Structure formats: C-alpha cells, structure tokens
Amino acid sequence: MNIEKLKQDQKAVVRLLENSYKKGRLVHAYIFEGPRGTSKEEMALYLAMMLVCKQEGKPCMHCQDCHRVLNNSHPNVVIISPEDEMIRKEQIEQLLYNYSLTSIEDNNRVYIIKEADLLNQSAANALLKFLEEPQENIYGILITENINKVLSTIKSRSQIVSFQKIDYEEIIRRLINRGIDEEVGRILAHITSNEEEIVSLINEGVVLDIIDLVKELGVNFLTGNKSPLVSFFEKGKFLLTETKKLNSLFIDILIIFMTDLLYYKISNYQNICFMKTIFEYPKYITLSVEEISKYIEELLSYRNRLEYNINLELFYTEMMLVLAR
Ligand SMILES: [Zn+2]
C-alpha cells in the first residue's frame, strides 16, 4: 500500500481519522462512501492498522500487526465481501458469533464490509442489532460506492465519511508516465480513479477487448456500414459468458463513446476520451445533440436492467436494435 499516495489523494479523510484517533473520538461504525477508485479500501486498512498496531506513531507500517493487516491475515481484522453479489445473513452472524466467543480483551478488533450496499435485508437486520449496542474495542468500517442504496437505519448509526474523486488530469498524467496509451487511460479514468485498478484491468486484458468492441460498434453506428447487431455478435459474443461487472463496464464505456459525440457536437474537444476514434470520423457525426442524448438515455436504462437476472443474448439483441439507425 502506498501511504504517501493515500495521504496525498485523501488528505481530508486521513486528517479526520488521525485526529479522531488521537483524541479518542473514533466512533464504532464508519461508512466510507465515494466513487470507485478513491482509495476507500486502502483507508479502511490504514484505520485498521492504526487500531491494532502497538508501536509508536501508529500505524508504524512495519510491525507484525501492521504486516498482517496488509496481508489480510490479522486475526483481529475481518474483511467481509459479497458472495454472488450479495452479503448474506450467515456472513454477518458468523462474525457476531466469533465476537461473542472471545472474552473482552484489550486488543481492538475491526471488521470491514466491502460493498455494504449489497447487504441483503436479513443481513442488514443482523448487523443493525449489533450497531445498536456497540461493544468497546470493536470497530466497523462499511465501504460503498452507492450510499443511496445503504439502509437508512444503518446510515443513522454510523458516521459517514465521503471520499472525493482525484483530479482527472492528474490520473491521466500518472497513467501516461506508466506507459499507458492516452486514449485507453482517458476512457478508464472515467470508470475509476484508482491508478492501480486501471493498470490491473489492463493487465487482465478483457477490458482492452471491450474498448475495441465499443470502437467497432461506435464507428459502425456513425458510418452505418454494418448493423450494430451484426458487429456485436461477430465481436462481442465473449461478453455473454462474462460477469455482470464486465457487462456493465461494457455499457459504461459505450456511454462514454456516446458522451464523446456530445462533446464533439458542442466543441468541447478536451473532454473527449475516444480521441483517436472520434477525430477520424468527423463528417459522420451528423446526429443532433438531442438525438445523441436520447441514445445515452436508452443506454442508461439498459445499464440499470443489467442488475436483474436477464438473458444476456436477448438483452443485447434488443439493445443493439435500439442502436441501429
Ligand atoms: Zn505497526
């Protein structure tokens, strides 16, 4: 974990938590909320280290406690993540059961719940009971990108800490310095402002296929050379067996392409992500701002539908027909 970067990117949050710790004013439940890629998880680990490190200048980052937090192997720091896109009651009950077993000791204990908006109703209820009677030495950190989807009863029992987006052009500079193509960097920095996440997305490879697919669809959409439906099933079939997350990433990137067309129409060129592609086909960008906005609205509604269990093949057939002009 790059602590200097964390301190630079999330100055206000680091200061808030460090001060609360020093003054003994930490609360027992925090919600770390903010857009993707704003170092919420890193901050959660940092706070966990602060709470379990026994050295001077906590967290020292060097002792065994700190190391074990960083390696996800500290017995007093539990991380709960969604299983099948849901956090279940059993996961919370297991945590609370473990807390009930061990006797009260001096050591602090921390639980971190990732994607806390995915707590299902019964899991949330189990957690609520616990939050109503906070135990000394036990601290919870709930992380979410969708604070609006977190139950209000949970919000009211926690302190909400908001994480701000990192300056976009600064991320682009960092990515270019790491040898990443500017166009790819601009596109992905719209999805997440976490540099490391962007680099690992690129290394996994699928995201580059997705960007190529969007370019192909986008160019055909503009030129009318080939129907989007045909080009999707020629090049995009791999998406049908991919995760929901990658499928929504695809629609997000398609929306970025459409938004670029809008920027082009209003001569807001510096905001365009698909720089190479868009500037190659200027004479085909004949749609009006209103027409482009309609397409974006359609795509947004399709993106929302992805949250439900759907037949992807049918879903994309419909969606591509909407894109046929
Ligand atoms: Zn330490």
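Student: At what angle do the axes of helix 8 and helix 9 cross in this predicted model?

Tutor: Local features of this predicted model need pLDDT of at least 70, side-chain atom pairs count only at pLDDT 80 or more, and totals for chains, interfaces and linings use all residues. Residues are numbered from 1 along each chain as its sequence is written. Helices are DSSP runs of H or I, at least four residues, numbered from the N terminus, and angles run from 0 to 180 degrees between N-to-C directions of axes fitted to C-alpha atoms over the stretch in contact. The axes of helix 8 (residues 168-177) and helix 9 (residues 182-191) come within 9 Å and cross at roughly 140°.

Student: Why is helix 8 described as oblique to helix 9?

Tutor: Angles under 35 degrees count as roughly parallel, over 145 as roughly antiparallel, and 65 to 115 as roughly perpendicular. The rest count as oblique. The crossing is at roughly 140°, which makes helix 8 oblique to helix 9.

Student: Which residues of helix 9 make the contact with helix 8?

Tutor: Two residues are in contact if their C-beta atoms, placed from the backbone, lie within 7 Å. Helix 8 contributes Y168, I171, I172, L175 and I176. From helix 9 come E182, G185, R186 and A189.

Student: Which helix gives the most to the largest nonpolar core?

Tutor: Such a core joins buried Ala, Val, Leu, Ile, Met, Phe, Trp, Tyr and Cys residues through C-beta atoms within 7 Å; buried means that 20 or more other C-beta atoms lie within 10 Å of the residue's own. Of its 39 residues, A44, A48, M49, V110, I112 and I141 touch the most other members. With ten residues, the helix that gives the most is helix 3.

Notes:
Helix = DSSP H or I, 4+ residues; strand = E, 2+ residues; numbered from the N terminus. Buried ≥ 20, exposed ≤ 12 C-beta atoms within 10 Å, placed from the backbone.
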